[in-house]
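Visitor: I'd like to learn how to read a fold like this one feature at a time. Could you walk me through it?

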Amino acid sequence: MAVFFSARGKENGDSIPHGITMLSHAAKRHPLKGASMSDLIAAIATGSIATAIGIVRVSGDGCFAACDRVFRPRNGVPFAQQPSHKMVFGEMLDGSGAVIDQGLAVRFGGGHSYTGEDSAEFHCHGSPVVLHTLLPALFAAGARQAQAGEFTKRAFLNGKMDLTEAEAVIDLIDAQSAAAAKNAAAQLDGGLRRRLEPVQEALIDITSRFYAVVDYPDEDIEDIQPQQIRSSLQIAADTLSALLDTAQRGRVLKNGVRTAIVGLPNAGKSSLLNALAGYDRAIVTDIPGTTRDTVEETVTCGGTLLRLIDTAGIRDTADAVEQLGVERSRKAAETADLVIAVADGSKTPMTVDEDILALAAKAPHWILAVSKDDLNPAVKTAVWQLPKGLREPDALVSFNSVAPGGLDALVDAIQDCFPAGAPAEAGSLLTNARQESAVRRSLEAVRRALSALDSGLTPDAVLTDAEEALESIGELTGRTAKEEIVGAVFSRFCVGK
């Protein structure tokens with residue numbers, strides 16, 4: 001796992017005062033790791049409700065000695081001498097030595113554990129009573145309660161993963177679609193880190209060769225030529241730019257698409273929400289104005305996660321309550337990533353309010369969807385004349401909420417608005433604002449370096465921007481991230497992970 005750090009290092013037996021060296025992420029403890037991050041911790045990893053299997057995790061100094069006090073292996077071998085990564089059957093004991101439960105335990109040697117420390121897990125019956133009896137027994141043996149995300153934080157600080165991989169752990173836990181889980185799993189496997197490695201190598205080539213020439217003027221070291229600098233910077237700029245372009249897809253994959261369904265009363269909005277949700281989420285009647293407030297539901301639509309908002313029918317009304325619903329409808333459309341403008345296809349002539357169309361057209365994506373095509377098949381081939389000056393919709397489709405396949409055209413149109421991207425991109429999408437900001441700042445620094453080079457400035461001006469770009473990448477991977485950034489990442493974790 002390649003990362004970088006600024007330090008005095010050795011190359012060919014010589015000291016390089018300012019060299020930036022590539023090395024294994026696991027080869028060096030993170031500078032933020034303090035003494036308190038090696039003491040013994042324990043936590044329940046499977047929540048507080050009754051389950052078939054419950055797991056208690058332990059990690060840190062003195063782990064195996066503590067485990068010997070709370071676990072009695074049936075094979076008679078002390079816990080510390082059990083083979084690593086092998087389940088062993090035995091009894092879990094409370095603080096007085098009484099048997100709590102029978103189950104399995106596994107020992108992980110420090111160099112090959114999740115946290116990078118001596119660690120263990122106890123797999124017992126998932127009764128909260130059993131778990132909450134075993135945990136105090138571990139506290140009595142010298143452990144303390146683990147903080148939220150502390151096991152993964154130790155893995156990061158001990159060089160077992162970088163910060164993007166740590167973020168992938170919580171993304172995998174929070175994934176609400178198969179595509180989001182796949183991307184998180186690939187990022188946990190280093191997908192994003194591998195996209196950044198060519199950038200690091202290009203920038204390190206520039207900075208290290210520059211410092212070598214400056215620090216060793218008497219040595220026969222070839223000056224780095226401007227064309228070589230430009231080539232390295234261009235590689236970095238192209239890669240970072242392509243990576244930044246994934247941010248929108250990453251946000252959609254992780255958070256879903258905020259989707260507002262708008263239209264006149266009785267256009268078929270609530271029926272569409274119910275059909276997409278697969279159950280009667282919203283009340284549907286023939287009475288105009290039935291929906292008085294926004295109704296929200298999260299659904300997976302052809303692989304795309306939609307955060308649907310069924311809105312009150314938009315119309316002028318003297319009803320004060322309905323008017324509040326109309327105002328909320330407008331606000332929902334104004335903040336949506338996708339607006340589906342529903343027109344009633346059962347009526348002749350087919351009309352939709354121009355104000356609604358104009359509102360929908362302001363969204364980043366919008367679809368004009370004609371409902372009830374089972375009642376009026378002519379709408380499938382009808383030609384719509386949109387108001388002049390109105391931005392064309394991403395798609396114009398008809399649908400119905402009752403017949404088999406009635407939503408197929410609409411689902412296809414939604415997928416076209418939010419393409420999944422190439423399979424090779426899995427794991428290399430920017431999925432949060434922290435990652436996007438770091439890549440953007442790195443790209444801006446690289447572009448400044450290219451501009452400085454084109455302007456004929458001295459190499460040290462180019463070097464300053466190249467180092468700033470490296471610093472931003474280090475913040476992304478966590479190598480140079482400040483403590484508050486690391487803390488913010490792990491604040492999203494639950495206890496036991």
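Visitor: Let's start with one residue: does Phe122 count as buried or exposed, and why?

Guide: First, keep in mind that this is a predicted model. Buried means under 20% relative accessible area. Phe122 has 0% relative accessibility, so it counts as buried.

Visitor: Where is Phe122 placed, and which residues is Phe122 in contact with, leaving aside its neighbours within four places in sequence?

Guide: Phe122 sits in strand β10. With those sequence neighbours set aside, its contacts include Gly54, Ile55, Val56 and Val58. Cys67, Val70, Phe71 and Met92 are also among them, as are Leu104, Ala105, Leu134 and Leu138. You can also look at backbone spacing: the C-alpha atoms of Phe122 and Val106 are 6.7 Å apart, with the two positions 16 residues apart along the chain.

Visitor: Phe71 is on that list. How do I read a pair of rings?

Guide: You describe a pair of aromatic rings by the distance of the centres and the angle of the planes. A search of the whole structure turns up 6 aromatic pairs. In the one formed by Phe71 and Phe122, the centres are 5.8 Å apart and the planes are at 55°, which is a tilted arrangement. This pair links distant parts of the chain, 51 residues apart: Phe71 belongs to strand β7 (residues 71-73) and Phe122 to strand β10 (residues 119-126). Phe71 is buried, as is Phe122.

Visitor: Which residues form one aromatic cluster with Phe71 and Phe122?

Guide: Phe64 and Phe79 join Phe71 and Phe122 in one aromatic cluster.

Visitor: What about a polar side chain in a loop? Is Gln82 buried or exposed?

Guide: Apply the accessibility test again. Gln82 has a relative accessible area of 5%, so it is buried. The loop in question runs between β7 and β8 (88-93). Beyond the neighbours within four places in sequence, Gln82 is in contact with Pro73, Asn75, Val77, Val88 and Arg107.

Visitor: Now helices. How many residues of α3 are buried, and what covers them?

Guide: For a whole element, go through it residue by residue. Helix α3 (residues 150-157) is mostly covered, with 7 of its 8 residues buried. Those are Glu150, Phe151, Thr152, Arg154, Ala155, Phe156 and Leu157. The cover includes strands β5 (41-44), β6 (51-59) and β11 (144-145), along with helices α4 (163-174), α14 and α15 (483-490). Just after α3, check the backbone too: Gly159 has a positive phi of about 80°.

Visitor: α14 came up there. At roughly what angle do the axes of α13 and α14 cross?

Guide: The axes of α13 (residues 433-454) and α14 (residues 459-477) cross at roughly 170° and come within 8 Å. That angle is why α13 is described as roughly antiparallel to α14. Their crossing is left-handed. On the α13 side, the contact includes Arg434, Ala438, Ser442, Ala445 and Ala449. On the α14 side, Val462, Asp465, Ala469, Ser472 and Ile473 are among the residues involved. By type, the residues of this contact divide into 11 nonpolar, 3 polar and 6 charged.

Visitor: And the chain as a whole?

Guide: Step back and use the totals. The protein chain has 15 helices and 17 strands. Buried residues make up 49% of its 497 residues. Of the contacts with a separation of 6 or more, 68% are between residues 24 or more positions apart.

Technical notes
Residues are numbered from 1 along each chain as its sequence is written. This is a predicted model: local features need pLDDT of at least 70, side-chain atom pairs count only at pLDDT 80 or more; totals for chains, interfaces and linings use all residues. Side-chain values use heavy atoms; hydrogens and water are left out. Axes are lines fitted to C-alpha atoms, for helices over the stretch in contact, and angles run from 0 to 180 degrees between N-to-C directions. Helices (H or I, at least four residues) and strands (E, at least two) are DSSP runs, numbered from the N terminus. Angles under 35 degrees count as roughly parallel, over 145 as roughly antiparallel, 65 to 115 as roughly perpendicular and the rest as oblique. A crossing is left-handed if the near helix is turned anticlockwise from the far one by less than a right angle, and right-handed if clockwise. Contact means heavy atoms within 4.5 Å. Ala, Val, Leu, Ile, Met, Phe, Trp, Tyr, Cys and Pro count as nonpolar, Asp, Glu, Lys and Arg as charged, and the others, Gly among them, as polar. Rings of Phe, Tyr and Trp (its six-membered ring) pair if their centres lie within 6.5 Å; planes under 30 degrees apart count as stacked, over 60 as edge-to-face and the rest as tilted. Buried means under 20% relative accessible area, exposed over 50%, partly exposed in between (1.4 Å probe, protein chains only).
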